[in-house]
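Let's take a friendly walk through one protein model, going from a helix to its surroundings. Keep the 3D view open as you read.

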Amino acid sequence: MRGKPLKLLVSGPVGAGKTTFIQSLSEIPVVETDEWASEEIGKERTTVAMDFGLLTLDGVPIYLFGTPGQERFDFMWDVLVEGALGLVVLVPGDSPRDFPKARHILEYLTSRHPVPFVVGVTRQDLPKVWTPGEVADYFGLPPEHVVGMNATSPTSATLALIRILELVTGERWQGVW
Ligand SMILES: Nc1nc2c(ncn2[C@@H]2O[C@H](COP(=O)(O)OP(=O)(O)OP(=O)(O)O)[C@@H](O)[C@H]2O)c(=O)[nH]1
Ligand SMILES: [Mg+2]
């Protein structure tokens, strides 16, 4: 799996862990656009334009673009998905009320841009979270399309990244990191 740069898009609802996931994976300081939230969204800062991170895995440069989660910035989905070869939609595993929003984002993006995708269920390090299997049932997806993670952990984030890379390339991951 050596060669051309590969672009992945990370999307999902507010607070799912998109910026955190990209920060856990990126080898460069993440270009992020988080600002103080102007409305109550359950946290102080939120992405208003995009995140950008970069890593190299087995000689392949991987560009990671993250979307904002707030719906008023949804015009950025179309901008950022351009050229993406794979899609990661994150859902916060402890917040099932956000699952319909995640489903809408997944359907919106894959219907316009049919590339391989995984649903990443974050916050697996916390008690009382939905498991990847439960989320796969909720979304009606095959289990290989849903992966659990702690987005704050580089190791956990890398395992999720490998799942989408396997779906994008059609190969089992053989490399080391
Ligand atoms: N314990 C734990 N905390 C997480 C995890 N993922 C994200 N968080 C925390 O959740 C909060 C929100 O994460 P962000 O990365 O800002 O979420 P986001 O999806 O970028 O949110 P928006 O940009 O507002 O749409 C941060 O405090 C993260 O540290 C996880 O898997 N486990
Ligand atoms: Mg963010």
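## Around the ligand

To sort residues into classes, Ala, Val, Leu, Ile, Met, Phe, Trp, Tyr, Cys and Pro count as nonpolar, Asp, Glu, Lys and Arg as charged, and the others, Gly among them, as polar. Please keep in mind that this is a predicted model. With those classes, the shell around ligand 1 has eleven polar, five nonpolar and four charged residues.

Which residues come nearest to ligand 1? Of the 20 residues around ligand 1, they are Gly17, Thr20, Thr46, Thr47 and Gly69. Two elements, H1 and E3, give two or more residues to this shell. Helix H1 gives the most, with three residues.

## Helix H1, wrapped up

Now look at helix H1, which covers residues 18-25. Eight of its eight residues are buried, so the helix is largely enclosed by the rest of the structure. You can pick them out one by one: Lys18, Thr19, Thr20, Phe21, Ile22, Gln23, Ser24 and Leu25 are buried. A residue counts as buried if 20 or more other C-beta atoms lie within 10 Å of its own.

What do the buried residues of H1 pack against? Their partners are five strands, namely E1 (6-11), E2 (31-36), E3 (45-57), E4 (60-66) and E5 (86-92), together with helix H5 (154-169).

## Where two helices meet

Two packed helices are described by the angle between their axes and by the distance between those axes. For H1 and H5, the angle is about 100° and the axes are 8 Å apart. That makes H1 roughly perpendicular to H5. The residues of this contact divide into five nonpolar, two polar and no charged.

To find the meeting place in your view, look for Phe21, Ser24 and Leu25 on the H1 side. On the H5 side, they meet Pro154, Ala157, Thr158 and Leu161.

## The nonpolar core

In soluble globular proteins, nonpolar side chains tend to be buried together. Here, the largest nonpolar core has 42 residues, and Leu8, Val10 and Val89 touch the most other members. Helix H5 gives the most to this core, with six residues.

Let's zoom in on Val10. Leaving aside residues up to four places away in sequence, Val10 touches Lys18, Phe21, Ile22, Leu64, Phe65, Gly66, Val88 and Leu90. Lys18, Phe21 and Ile22 may look familiar, as they are among the buried residues of H1.

## Pro61 in a strand

Pro61 lies in strand E4. Is Pro61 buried or partly exposed? Pro61 is partly exposed, because 14 other C-beta atoms lie within 10 Å. Not counting residues up to four places away in sequence, Pro61 touches Pro5, Leu54 and Thr56.

Pro61 also shows how a folded chain can bring residues together. Lys4 and Pro61 are 57 residues apart along the chain, yet their C-alpha atoms are separated by 7.2 Å.

## Two loop residues with positive phi

Asp58 is found in the loop between E3 and E4. Phi of Asp58 is near 50°, a positive value in a residue other than glycine. With 13 other C-beta atoms within 10 Å, Asp58 is partly exposed.

Lys128 is found in the loop between strand E6 (117-122) and helix H4 (132-139). Its phi is near 60°, again a positive value in a residue other than glycine. Lys128 is exposed, because 7 other C-beta atoms lie within 10 Å.

Terms used:
Residues are numbered from 1 along each chain as its sequence is written. Chains are lettered from A and ligands numbered from 1 in the order in which they are written. This is a predicted model: local features need pLDDT of at least 70, side-chain atom pairs count only at pLDDT 80 or more; totals for chains, interfaces and linings use all residues. A residue is buried if 20 or more other C-beta atoms lie within 10 Å of its own, exposed if 12 or fewer, and partly exposed in between; C-beta atoms are placed from the backbone. Helices (H or I, at least four residues) and strands (E, at least two) are DSSP runs, numbered from the N terminus. Two residues are in contact if their C-beta atoms, placed from the backbone, lie within 7 Å. Axes are lines fitted to C-alpha atoms, for helices over the stretch in contact, and angles run from 0 to 180 degrees between N-to-C directions. Angles under 35 degrees count as roughly parallel, over 145 as roughly antiparallel, 65 to 115 as roughly perpendicular and the rest as oblique. A nonpolar core is a set of buried Ala, Val, Leu, Ile, Met, Phe, Trp, Tyr and Cys residues joined through C-beta atoms within 7 Å. A residue is near a molecule or strand if its C-beta atom, placed from the backbone, lies within 6 Å of it.
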